[in-house]
Amino acid sequence: EDWVEARREEILPVPYFQIVFTVPEKLRRIIRRHQCVLYPKLMTAVGETLLEVGADPEHVGGQIGALTVLHTWTRTVEYHPHVHCLVPAGFLDDAGEWHEVSRPWFAPQEVLASVFRAKLVAAIRAAVPGLQLPGPIFHTRWVVHVDKPKHGTEVVLRYLARYVHRVALSDHRIVAMSATHVTFKYRDRDRKNWLTMTLRGTEFIRRFLQHVLPRRFHKVRYFGFWACSNRPKLRALRQKLLAQAGQTPASSAPSGAAAQADPSPTWLKCPHCEQGTRSILGHFDAIQLHDYFTRHGFRPPDVPRLL
């Protein structure tokens, strides 16, 4: 919820493109084997592809912004790395003026796939010297999906948010577990109904652990005028577009009861009722905290981490 709220303050009042970059099957095992060095290369290749194609006058024609999120799983927890992107349908020219793109596509899928393939293959070769890439990846069709969200940007944001701070399988999808097998449910891609799958415990653990990302890896990245270094430019652009649309930043916030809710930060909310507010009774330095726990017979906690 906090992540969605922060992104909502960055969303422009314009249509958006939803773009998904996928990796051919022959390349997935290589990426899984070299996750620490190739996941960042994958994200960078996607961002550079969007910026390069977006700057081309034949497609968009200026500086774009993009939010990208790495996913590594399928509905059945198989390994399938792909990157979801949210891109405003417009660009900034050299003078910093906004131009909206009205057509229903960002660029031809074949163009995006071709640029993405060239950038990712070059990055892999540079990151893993001596690696022999399988020949079929140069002749296989690379898939990039491009469309405009049918149900609005908010739905896409909430979909992405469900996986920003979680992994491939949530607890409620596990329906049964024995000493040797695990049964979980998943949604059928075509029929949209819920099915169940039973795996041996070792196979379930193997599938699940494939999606534990390397430490300190950031699965969410921003490019163009959505990059962290350009946030002042993004905020100014958002305010300008809202003013042109006859809105204000305040009017874009939730109305009614949500607008009158307690503005206290999340960590001050009562963890039980979520309505009451915790009261700060005092502040303690490391020595005072250590003395307090010692005096009351408690084992002192890890003071540096608490501070």
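Visitor: Let's start with arginine 216: is it buried or exposed?

Guide: Relative accessible area is what to read here: under 20% is buried, over 50% is exposed, and anything in between is partly exposed, using a 1.4 Å probe and counting protein chains only. Arginine 216 has 70% relative accessibility, so it counts as exposed. Bear in mind that this is a predicted model, where local features need pLDDT of at least 70 and side-chain atom pairs count only at pLDDT 80 or more, while totals for chains, interfaces and linings use all residues. Residues are numbered from 1 along each chain as its sequence is written, and side-chain values use heavy atoms, with hydrogens and water left out.

Visitor: What stands out about phi of arginine 216?

Guide: Its phi is near 70°, a positive value in a residue other than glycine. Arginine 216 sits in the loop between H6 and S10. Those labels are DSSP runs numbered from the N terminus: helices are H or I with at least four residues, strands are E with at least two. In the whole protein chain you'll find 9 helices and 10 strands.

Visitor: And valine 77, what is its phi?

Guide: About 65°, so to speak on the positive side, although valine 77 is not a glycine. Valine 77 is also in a loop, running between strand S2 (65–73) and strand S3 (79–88). With a relative accessible area of 3%, valine 77 is buried.

Visitor: How do I read a salt bridge?

Guide: Look for a side-chain nitrogen of Lys or Arg within 4 Å of a carboxyl oxygen of Asp or Glu. The count by this rule is 11 salt bridges. Take glutamate 10: its salt bridge with arginine 7 has the closest N and O atoms 2.9 Å apart. Arginine 231 forms a salt bridge with glutamate 10 too, at 3.0 Å between the closest N and O atoms.

Visitor: Which parts of the chain does the pair of arginine 231 and glutamate 10 link?

Guide: Distant ones: arginine 231 belongs to helix H7 (residues 231–244), glutamate 10 to the loop between helix H1 (2–8) and strand S1 (16–22), and the two positions lie 221 residues apart in numbering. Both arginine 231 and glutamate 10 are buried. For glutamate 10 the relative accessible area is 12%, and for arginine 7, which is buried as well, the figure is 9%.

Visitor: Where do glutamate 203 and arginine 207 lie?

Guide: Both are in helix H6, 4 residues apart, about one turn of the helix. Their salt bridge has its closest N and O atoms 2.8 Å apart. Glutamate 203 is partly exposed at 23%, whereas arginine 207 is buried at 9%. There's also a network of salt bridges linking Glu1, Glu5, Arg8, Glu154 and Arg158.

Visitor: How are two packed helices described?

Guide: By the angle between their axes and the distance between the axes. The axes are lines fitted to C-alpha atoms, for helices over the stretch in contact, and angles run from 0 to 180 degrees between N-to-C directions. Under 35 degrees is roughly parallel, over 145 roughly antiparallel, 65 to 115 roughly perpendicular, and the rest oblique. Here, helix H2 (residues 25–33) and helix H3 (residues 35–55) pack at about 120°, with axes 6 Å apart. H2 and H3 are therefore oblique to each other. The contact (heavy atoms within 4.5 Å) involves Ile30, Ile31, Arg32 and Arg33 of H2, along with Gln35, Leu38 and Tyr39 of H3.

Visitor: What is leucine 241 in contact with, leaving aside its neighbours within four places in sequence?

Guide: Leu12, Pro13, Val14 and Trp98. Leucine 241 is part of helix H7 and is buried at 8%. Its C-alpha lies 8.6 Å from that of tryptophan 98, although 143 residues separate them in sequence. Across the protein chain, residues 24 or more positions apart account for 67% of the contacts with a separation of 6 or more.

Visitor: Which residues make the nonpolar surface patch?

Guide: Patches are made of residues with over 30% relative accessible area and no salt bridge, joining like charges within 9 Å and nonpolar side chains (Val, Leu, Ile, Met, Phe, Trp, Tyr) within 5 Å. Areas come from the Shrake-Rupley method with a 1.4 Å probe; for residues, only the protein chains shown count as cover. Ile205, Leu209 and Val212 form a patch of about 270 Å². Valine 212 is in the loop between helix H6 (201–209) and strand S10 (220–224), and counts as partly exposed at 42%.
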